[in-house]
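Q: Got a minute to go through this one with me? Here it is.

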Amino acid sequence: MTDGRLALNDGRVMPQLGFGLWQVPADQTARVVREGVAAGYRLIDGAAIYGNEEGLGEGLRGMAVPREQVFVTTKVWNDRQGMVETRRAVEESLGRIGLPQVDLMLIHWPCPERGKFLETWKALIALREEGKVASIGVSNFRVSDLERIIGETGVVPVLNQIELHPRLQQAELRAFHARHGIVTQSWTPLGQGKSFEAAPIRAAAARVGKSPAQVILRWHVQLGCSVIPRSTRAAGLAENLDIFDFALTEAEMAAIATLEAGERTGPDPASFN
Ligand code: NAD
């Protein structure tokens with residue numbers, strides 16, 4: 001293992017750094033998974049909506065390490081929320097990936113207007129009890145959404161996967177997660193490269209002799225977040241993994257904190273349905 005590990009609130013452990021499969025073409029997914037695992041990744045972030053769960057499964061079957069060593073996440077898409085639908089959606093995902101169980105199943109978006117995320121959460125609790133999923137969590141949940149599912153069920157998600165990068169630092173959600181033992185996982189961690197030229201990133205990159213992307217990924221790790229950059233190139237996969245042999249100083253972390261701009265690259269969870 002080259003990366004750190006994070007303890008989950010259900011007693012399990014997950015790698016801190018992984019890679020994501022969003023927009024990875026279905027016919028390249030098996031190769032990307034195999035190359036990622038060969039490079040040293042042990043966490044893979046998939047989703048039903050990415051349309052490449054079959055490739056994910058094919059890649060897992062073709063990899064050089066035992067299946068148990070790779071932590072596999074996938075997600076329930078918005079139109080599959082609800083008690084009955086979610087059960088079907090999870091079974092279909094397992095069928096496409098070709099596994100009896102995934103490590104982590106997330107609700108992809110809260111979709112507040114649909115009014116079904118609580119029911120969906122209850123479905124995931126039942127599926128966990130049946131062993132179809134080892135751990136359960138959420139994605140794009142706001143503080144109020146988290147309070148609702150925790151308040152109604154008493155079951156705290158192990159993780160909330162949210163948009164997080166130097167221009168959207170999510171301080172309020174991170175503080176809530178820390179109080180409740182929820183891992184923060186950062187999506188679009190590189191923020192579409194919009195901070196690559198920012199002075200605090202360039203200065204840290206020059207000091208440690210790393211790329212802007214590596215500095216930003218290291219920043220996520222030092223915040224205590226799990227992070228899942230995406231690259232389809234072998235060189236990019238290797239570069240993004242190579243962030244455990246240096247550290248940012250407190251002053252560098254503080255300088256990066258000033259880049260907060262409240263700027264999303266993706267949809268707002270309050271209105272995305
Ligand atoms: P990312 O921040 O990982 O950026 C990917 C882009 O950065 C690609 O264009 C890639 O070529 C480029 N890149 C990667 N490594 C680089 C490097 N070292 N130097 C320069 N450029 C580099 O963003 P993403 O793909 O949007 O997000 C990562 C993952 O997060 C996704 O693959 C997916 O698994 C997950 N995600 C989840 C949600 C959600 O709603 N839960 C939404 C978006 C993404």
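Q: How far does a polar side-chain atom of Asn 140 lie from an oxygen atom of the ligand?
A: The distance is 2.9 Å. A polar contact here is a pair of N or O atoms within 3.5 Å. Keep in mind that this is a predicted model: local features need pLDDT of at least 70, side-chain atom pairs count only at pLDDT 80 or more, and totals for chains, interfaces and linings use all residues. Residues are numbered from 1 along each chain as its sequence is written, and side-chain values use heavy atoms, without hydrogens and water.

Q: What about the side chain of Gln 161?
A: One of its N or O atoms is 2.8 Å from a nitrogen atom of the ligand. For Thr 188, a side-chain N or O atom is 2.8 Å from a ligand oxygen.

Q: How much of the ligand does the protein bury?
A: 81% of the 840 Å² that the ligand exposes when taken alone. Areas are Shrake-Rupley, 1.4 Å probe.

Q: How many residues surround the ligand?
A: 23, with a heavy atom within 4 Å as the cut-off. Asp 45, Thr 188, Leu 190, Arg 230 and Asn 240 are the closest.

Q: How does that shell divide?
A: Eleven nonpolar, eight polar and four charged. Gly counts as polar, Tyr and Cys as nonpolar.

Q: Switching to pockets. Which one does the ligand take?
A: The largest pocket. A pocket is an open set of points on a 1 Å grid, for a 1.4 Å probe, with protein on both sides within 12 Å along at least five of seven lines; lining residues have an atom within 4 Å of a point. To sit there, more than half of a molecule's atoms must lie within 2 Å of the grid points.

Q: How much space lies in it?
A: About 610 Å³, as filled by probe spheres set on the points. 27 residues line the largest pocket, and Trp 22, Tyr 50, Trp 187, Thr 188 and Arg 230 are the closest to its centre.

Definitions and conventions:
A polar contact is a pair of N or O atoms within 3.5 Å; within protein, one must be able to donate a hydrogen and the other to accept it, and residues adjacent in sequence count only if both atoms are side-chain atoms.
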